[in-house]
Amino acid sequence: MKQISTSTKLTLLLIAMTTMMSNVAIVTALPHLKDTFVNEANIEFLARLMITMPSVAIAFLAPFLGHIVYKIGRKTSALMALFLFTLAGTAGLYLETMNLLLFSRFLLGIAIATLMIVSTSLVGDYFKGDQRNKFMGMQGAFISLGGVVFVVGGGMLSDIHWRYSFLIYFIGLLLLPMVYAFLNEKIPMHDVQEDENLNSNLFIIYVLAFLLMLVFYILPTQIPFLIINQFGASGTITGSIIATAFVSNAIGAITFRKLKQKFSFEQVYMIGMAVISFGFICIGLVKDVQFFFLTAPIMGFGGGILMTNMTAWILSRAHSKKRIQASAYLTSSLFLGQFFSPILFHPVVSFFGVKDFFILIGCFVGMITFMSVLILRRKIH
């Protein structure tokens, strides 16, 4: 197989980083929206939708966008998506109504979906087996450590003014020349025999991806409100706490390769969910804001394992000719979970309060994971 250049690898890593950091860059700005839109009904709910509105576009349009990417090519698609990413992402600097802000986030989602499809499918084409797992771990670590910069930077900018956090989306312009110069669509194909042994039934993986993001996205959509509103922390402190979760997310992503050498994809999924369950409970028990620096990383670690596991899992099962479409459906599943996360859990948070909610959801996820382990063990034996 042809050697892939360092520049091409770096371009793929930066594209992946851009897509994953796109929502969390503004998390610390969300609690401040109520001060600007004082007459807007349900502003706290609408503020949460700011972080998940891109998920609407991604969840429902990703399969359709997959067809477009296949038709016009991945390089052209990436260039167009980066331009839209910058245009829609920075719109928060000047838009004056919540409706327009939410619409700009929807457009941002179209750009993110396209970039994710391009990135995931190319990784599947360029790498295979353990090398793919290694690159996926590197990609997960790169995304997470990049997220540290964006979350901390966004937190500091939101302390000056909440609109300034949207400046971060100008990164899309910086990536345009790299994609143009280094993204190569003449991809090295793997052996046909490898593809012939693949199972094309991917539905269960899509369902598990949806459930993962439904649960994991509680962290960025709920924890800023807990830290800022109940503990009175600044945007900088909140961003720093979330950044520690990103650091441990990177460690989790790197750990994935070692876990995969000993366990199946199904078992790695359960290990990651068990870690997230424990993290939820620990966050709910925090009584001093400083302890969030210890508890948030637990969830980050579990998320790093799980996100890397899901992408590697789908690529290990998808036929090369269907890799773009499989990547599109995985993207759709993940972001459908993101979109429904605040919608499904908002009534529960309102009823129990955000602290008790974290404990409750942690216990529930732990119980489901434990039952799944028992079922899997019985299935194996």
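For these entries I take helices as DSSP runs of at least four residues, numbered from the N terminus. The model I examined is predicted.

**Entry 1: the second largest cavity.** I searched for enclosed space and recorded two cavities of 30 Å³ or more. The second largest has a volume of about 40 Å³. I listed its lining as Leu30, Pro31, Lys34, Ile43, Glu44, Ala47, Phe225 and Asn229. Helix H3 (43-72) and helix H10 (218-231) are the elements that give two or more residues to this lining. I noted that H3 supplies the largest share, three residues. By character, I sorted the lining into five nonpolar residues, one polar and two charged.

**Entry 2: the nonpolar core.** I next turned to the largest nonpolar core, which holds 124 residues. Within this core, Leu33, Met50, Met98, Leu212 and Phe292 touch the most other members. Helix H5 (residues 98-126) contributes the largest share, 14 residues. I then looked up methionine 50, setting aside neighbours within four places in sequence. I found methionine 50 in contact with Ile26, Leu30, Leu33, Met98, Leu101, Leu102, Arg105 and Phe166.

**Entry 3: serine 277.** I located serine 277 in helix H12 (residues 265-284). Is serine 277 buried or exposed? I class serine 277 as buried because its relative accessible area is 6%, and the cut-off for buried is under 20%. I traced the side chain of serine 277 to the backbone oxygen of glycine 362, which it reaches at 2.6 Å. Not counting residues up to four places away in sequence, I recorded that serine 277 touches Gly362, Val365 and Gly366.

Key
Residues numbered from 1 in each chain as written. Predicted model: local features only at pLDDT ≥ 70, side-chain atom pairs only at ≥ 80, totals over all residues. Heavy atoms only, no water. Core = buried A, V, L, I, M, F, W, Y, C linked by side-chain atoms within 4.5 Å. Buried < 20%, exposed > 50% of the residue type's maximum accessible area, 1.4 Å probe, protein only. Contact = heavy atoms within 4.5 Å. Polar contact = N/O pair within 3.5 Å; in protein donor to acceptor, adjacent residues only side chain to side chain. 1 Å grid on protein atoms, 1.4 Å probe; cavity = no way out; pocket = protein on both sides within 12 Å on 5 of 7 lines; lining within 4 Å. Points joined across faces, edges and corners; volume = space filled by probe spheres on them. Nonpolar A, V, L, I, M, F, W, Y, C, P; charged D, E, K, R; others polar.
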